[in-house]
Amino acid sequence: MPGLSAPPASGAARCVGPRPRLAPDQPRGPSGARPPPRFRTLPRGPGPRRRVGGASPDKGRRRAFAAALPLRRPRPGTAGEARSEGRAPSCGPGGHGRRPGGHRRLRVAEVWATTPREREPIPPLFRAGPLRSCPAASRLPGGAQLPLVARCQVGSRHGATKSRGDRGPVTHSRQERELSKGFVEALREVVGSPHVSTAIAVREQHGHDESMHRCQPPDVVVWPQNSEQVSQLAALCYDHGVPIIPFGTGTGLEGGVCAVQGGVCINLTRMGRILELNPEDFSVVVEPGVTRKALNSHLRDSGLWFPVDPGADASLCGMAATGASGTNAVRYGTMRDNVLNLEVVLPDGRLLHTAGLGRHFRKSAAGYNLTGLFVGSEGTLGLITAATLRLHPAPEATMVATCAFPSVQAAVDSTVHILQAAVPVARIEFLDDVMMDACNKYSKLNCSVAPTLFLEFHGSEQALNEQLKRTEEITQNDGAFHFSWAKEAEERSRLWTARHNAWYSTLALRPGSKGERGGENLMSLSLTQGYSTDVCVPISRLPEILVQAKEDLKASGIIGSIVGHVGDGNFHCILLVDPEDAEELHRVESFAKQLGRRALALHGTCTGEHGIGLGKRQLLQEEVGAVGVETMQQLKAMLDPRGLMNPGKVL
């Protein structure tokens with residue numbers, strides 16, 4: 001027909017006009033079967049809708065319209081439904097899509113997303129030609145031109161699903177962006193074919209982290225080898241309006257890697273070099289694939305170490321992107337205190353050195369703090385391709401201690417008293433009675449099942465003895481009934497390994513939990529999952545919120561534990577939830593929101609470590625206010641005007 005491009009290749013959606021009238025006994029679909037009665041004609045004004053297809057006395061007006069109809073029937077789990085209700089963009093010059101009698105001719109079906117965040121109709125994008133036949137379909141909202149991208153639905157309610165309560169099924173039923181072969185080939189030209197994957201299993205692996213947020217896979221995963229390739233990939237995606245999702249080790253807890261709009265996942269783990277070590281300047285330059293443990297292993301003979309320890313063996317650039325901290329933050333600070341410079345690929349492919357190329361000074365008063373802007377940005381402003389980190393001298397000697405208390409209040413009061421006494425404690429961790437019981441069972445400890453503090457001291461032999469003596473006096477005055485200490489490396493390692501396995505220890509409290517290691521019921525039909533949330537408050541308000549959180553847990557009937565880096569006012573609640581149980585899921589979410597709002601009421605923050613991601617965007621607005629959010633949005637719009645960097649996160 002005039003104004004329409006050539007039919008697309010098999011398997012792609014197409015945009016065509018009305019077909020010739022079919023006799024009742026003629027097949028109505030390319031596969032020989034009558035098409036399902038999904039395509040309708042809508043009157044101009046109010047009134048009943050008329051269905052096109054199926055038996056109708058008005059045979060003269062019965063026509064078959066291929067509104068985004070695939071050339072072959074979709075396979076279960078790989079193609080979704082197209083709804084033709086609402087306004088559809090017209091196709092071809094002069095084709096306004098109106099039929100005689102006041103009915104519209106539906107040439108292009110509108111595709112509606114299945115996620116709560118995507119309720120707006122999005123014009124479909126087709127592979128056929130340069131899209132001259134469908135001008136309305138050739139642009140994304142906001143004017144982003146996408147000649148190489150086709151939009152379709154992946155998955156169906158008829159495909160294989162796994163229920164996740166009221167969060168929706170884990171499937172490909174959400175609307176995704178399917179990249180054309182030409183775009184994928186362009187990616188392969190940049191990084192090489194072995195470093196590009198569109199396999200479903202690989203995409204699903206990169207569509208979720210350790211959180212409960214449902215899997216939302218990207219359309220393609222790429223593994224660049226250097227910052228130059230990252231720059232080329234970002235420029236390619238920017239030119240074609242394709243979202244970019246950075247990926248490290250996937251250990252986040254707020255859905256930061258979920259591809260809510262599809263796009264390209266850039267996995268940076270194959271950039272694993274330590275680029276430069278400056279022992280005299282106490283600094284090191286690492287690529288995104290270097291993890292915390294790998295760096296400290298490399299530094300073992302240098303007399304230096306990197307102390308920020310979030311528990312998981314996360315990538316260091318990922319830790320910078322989320323503003324991570326951990327058990328040593330009370331003495332050595334968080335990632336914000338230990339990042340000196342960053343190499344960042346901006347959304348359009350430009351390369352930025354936030355403190356200047358090659359610089360690694362300890363302090364500066366020159367201009368805006370660009371390094372601080374990108375630390376904690378969660379991949380929404382750019383891709384961190386190298387980080388210059390501050391190193392610290394390895395302690396001469398280390399000693400650990402544990403002490404149990406009769407109540408949560410007594411344990412937290414003792415924490416405050418130790419800090420007020422200026423004891424230079426390196427770690428001070430709180431574990432409630434539930435967590436101690438879980439650690440005893442999972443890690444084979446023999447500690448009292450009571451609120452407990454784990455402490456660690458760094459320094460010389462003489463200094464450690466003084467610190468230990470002073471701490472024991474303070475804790476005994478606060479009612480501690482079991483104070484023990486250890487100096488041997490094996491015992492210290494066993495204690496902190498148990499602390500770092502707190503997540504798995506809690507999951508093991510309910511057999512069949514997702515992520516449980518060594519359990520006997522991993523294939524249980526009722527798959528329990530862990531939900532971890534964190535807050536941070538001023539230390540003076542820590543006893544109040546911890547006691548209240550413990551009471552709220554008991555009142556809600558939720559199985560959960562409390563563990564935290566109480567030396568800096570930060571703690572976590574690890575909650576067990578069955579996603580099949582909508583009522584329990586609601587109680588867990590309500591508890592997490594209530595805890596966040598309690599922290600805000602006490603002049604704290606809704607997250608001390610995990611970040612905002614998908615789960616705490618509303619709490620961020622309540623925390624920083626309208627002007628704060630507006631300022632963040634302006635910064636985002638300036639650096640990422642097309643909104644392609646990890647969309648849907650933070651703001």
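Mentor: Let's start with a ground rule: helices (H or I, at least four residues) and strands (E, at least two) are DSSP runs, numbered from the N terminus. Gln462, for example, has its place in helix 11, residues 461-477. What you're looking at is a predicted model, in which local features need pLDDT of at least 70, side-chain atom pairs count only at pLDDT 80 or more, and totals for chains, interfaces and linings use all residues. Residues are numbered from 1 along each chain as its sequence is written, and side-chain values use heavy atoms, with hydrogens and water left out.

Trainee: Okay, how many helices and strands does the chain come to?

Mentor: There are 16 helices and 24 strands.

Trainee: Back to Gln462, then: why is this residue called exposed?

Mentor: Buried means under 20% relative accessible area, exposed means over 50%, and partly exposed is in between (1.4 Å probe, protein chains only). Gln462 has a relative accessible area of 59%, which is over the exposed cut-off, so the label fits.

Trainee: And why does Thr506 count as buried?

Mentor: Thr506 sits in helix 13, residues 502-507. Its relative accessibility is 0%, which is under the buried cut-off, so buried it is. Across the chain, 52% of the 651 residues count as buried.

Trainee: Which residues does Thr506 touch, leaving out those up to four places away in sequence?

Mentor: Met435, Ala438, Ser561, Ile574 and Leu576. To count as a contact, heavy atoms must lie within 4.5 Å. Thr506 and Ser561 are 55 residues apart along the chain, yet their C-alpha atoms are separated by 6.9 Å. Long-range contacts show up in the totals too: among contacts between residues at least 6 apart in sequence, 70% join residues at least 24 apart.

Trainee: What makes strand 24 a mostly covered strand?

Mentor: Strand 24 covers residues 570-577, and eight of its eight residues are buried. In a regular strand the side chains alternate between the two faces of the sheet. Here, Asn570, His572, Ile574 and Leu576 are buried on one side, and Phe571, Cys573, Leu575 and Val577 are buried on the other.

Trainee: How do you know that strand 22 and strand 24 pair?

Mentor: Two strands pair if DSSP finds at least two bridges between them. Strand 22 (residues 529-536) and strand 24 have eight bridges in the antiparallel sense, so they pass that test. One of the matches puts Cys536 with Asn570. Strand 23 (residues 560-565) also pairs with strand 24 in the antiparallel sense, over six bridges, and there His565 has Asn570 as its bridge partner. Strands 23 and 24 form a hairpin with four residues between them, and Gly569 in that turn has a positive phi of about 80°.

Trainee: What makes the phi of Ala422 worth a look?

Mentor: Most residues other than glycine have a negative phi. Ala422 has a positive phi of about 60° although it is not a glycine. Ala422 lies in the loop between helix 9 (408-420) and strand 19 (425-431).

Trainee: Buried or exposed: which word fits Asn646?

Mentor: Buried: Asn646 has a relative accessible area of 2%. Asn646 also has a positive phi, near 45°, and lies in the segment after helix 16 (617-639).

Trainee: Which residues have the most contacts inside the largest nonpolar core?

Mentor: Ile545, Leu546 and Phe571, in a core of 45 residues. Helix 15 (residues 582-601) gives the most to this core, with six residues. A nonpolar core is a set of buried Ala, Val, Leu, Ile, Met, Phe, Trp, Tyr and Cys residues joined through side-chain atoms within 4.5 Å. Leu546 touches Val408, Val412, Phe430, Ile562, Val566 and Phe571, again leaving out residues up to four places away in sequence. Apart from that core lies another one, of 27 residues, including Phe306 and Leu342.

Trainee: Last one: what are the edges of the open sheet with the order 7-8-10-9, and why are they called that?

Mentor: That sheet has four strands with mixed pairing. Strand 7 (196-197) and strand 9 (244-247) each have a single partner strand, so one side of each is left without a neighbour in the sheet. Strand 7 is joined to strand 8 (residues 220-222) by two bridges, running antiparallel, and Val196 stands opposite Val222 in strand 8.
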